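Hi everyone, and thanks for coming. Let me bring the model up on the screen, and then we can walk through it together.

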Amino acid sequence: MKAIPMKKMINCVAVSGALIFAAGQTMAMNQQSTADGKQHSQLSNDSRVNLTDSQVIKVVSTANNGEIKQAETALPKLKTTEARQYAQMMIKDHSANEKKGQALANRLKLTPQASSISTSLQNDSDKIVAKLSRSATPDKDYMTSQVEVHRKVVTLLDKQLIPNAKNAELKNMLTQTRTAVAAHLKKAEQIVEKMK
């Protein structure tokens, strides 16, 4: 058996150590991104939670009011006609949907009740409003946030709100809301695409 020179052996040990370190770092990063993914997807995994009609109406109200607040915050700073028109449409459409939801809640004697979903949605909206209020690129930031928000709300409607709604009138309102939110999403995506 041939003896391995000491210098070569030290190099091998150094390379092995570096590879082990790199593998450890990669595993740690993967675990972190998995944890981030779990935290991010908590909203969609809450589908196992049975929401009452009072909680469902609160989520819809939170989404409506969040959209209105985001649009009102962005509107004075928006420069492009398309982004301005979109923000105005959000204020108009979501205000109308909020009135419709409140009238339905009153008729059905539902008192809006918070849930982990409405709280999470409110927190997301508050972060968007804070970002928009100090944004250096308001048109891009507003429209990008609208794509994200509307995707989230479509998913919430599909996976949680519509399946959890017990009252037929509420389910019908949610189905109509989903159609409007999907149209808002499509329009936001088209505007963002033009900005690239």
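Let's begin at His 184, which counts as buried because its relative accessibility is 5%. Buried here means under 20% relative accessible area, exposed means over 50%, and partly exposed is in between, using a 1.4 Å probe and protein chains only. Before I go on, please keep in mind that this is a predicted model, where local features need pLDDT of at least 70 and side-chain atom pairs count only at pLDDT 80 or more, while totals for chains, interfaces and linings use all residues. Residues are numbered from 1 along each chain as its sequence is written, and side-chain values use heavy atoms, with hydrogens and water left out.

So, back to our histidine. You can find His 184 in helix α7, which covers residues 168-195. Helices are DSSP runs of H or I with at least four residues, strands are runs of E with at least two, and both are numbered from the N terminus.

What does His 184 touch, not counting residues up to four places away in sequence? The answer is Tyr 86, Met 89, Met 90, Asp 93, His 94 and His 150. A contact means heavy atoms within 4.5 Å. With Asp 93, the side chain of His 184 makes a polar contact of 2.8 Å. That term stands for a pair of N or O atoms within 3.5 Å; within protein, one must be able to donate a hydrogen and the other to accept it, and residues adjacent in sequence count only if both atoms are side-chain atoms.

Next, please look at His 150. This residue sits in helix α6 and is buried, at 1% relative accessibility. Along the chain, His 150 and His 184 are 34 residues apart, and their C-alpha atoms are separated by 7.1 Å. Beyond the residues up to four places away, His 150 touches Glu 67, Tyr 86, Met 90, His 94, Val 181, His 184 and Leu 185.

Glu 67 is our next stop, over in helix α3. At 2% relative accessibility, Glu 67 is buried. Its contacts outside the four-place window are Met 90, His 94, Gln 146, Val 149 and His 150.

Now for the aromatic rings. The structure holds one aromatic pair. The rings belong to Tyr 86 and Tyr 142, with centres 6.2 Å apart and planes at 65°, so the pair is edge-to-face. The rule is that rings of Phe, Tyr and Trp (its six-membered ring) pair if their centres lie within 6.5 Å; planes under 30 degrees apart are stacked, over 60 edge-to-face, and the rest tilted. Because Tyr 86 lies in helix α4 and Tyr 142 in helix α6, the pair ties together parts that are 56 residues apart in sequence. Tyr 86 is buried at 1% relative accessible area, and Tyr 142 is buried at 0%.

From Tyr 142 we can hop to Lys 77: the two are 65 residues apart in sequence and 9.9 Å apart in space, C-alpha to C-alpha. Lys 77 is found in the loop between α3 and α4. Is Lys 77 buried or exposed? Neither quite fits, because its relative accessibility of 28% makes Lys 77 partly exposed. Its side chain reaches the backbone oxygen of Ser 133 at 2.6 Å.

One more lysine deserves a look. Lys 109 lies in the loop between α4 and α5 (116-133), and is exposed, with a relative accessible area of 72%. Its phi is positive, about 55°, although Lys 109 is not a glycine. For background, most residues other than glycine have a negative phi.

Finally, let's zoom out. The protein has seven helices and zero strands. Of its 196 residues, 37% are buried. Among contacts with a separation of 6 or more, 83% are between residues 24 or more positions apart.

Thanks for listening, and I'm happy to take questions.
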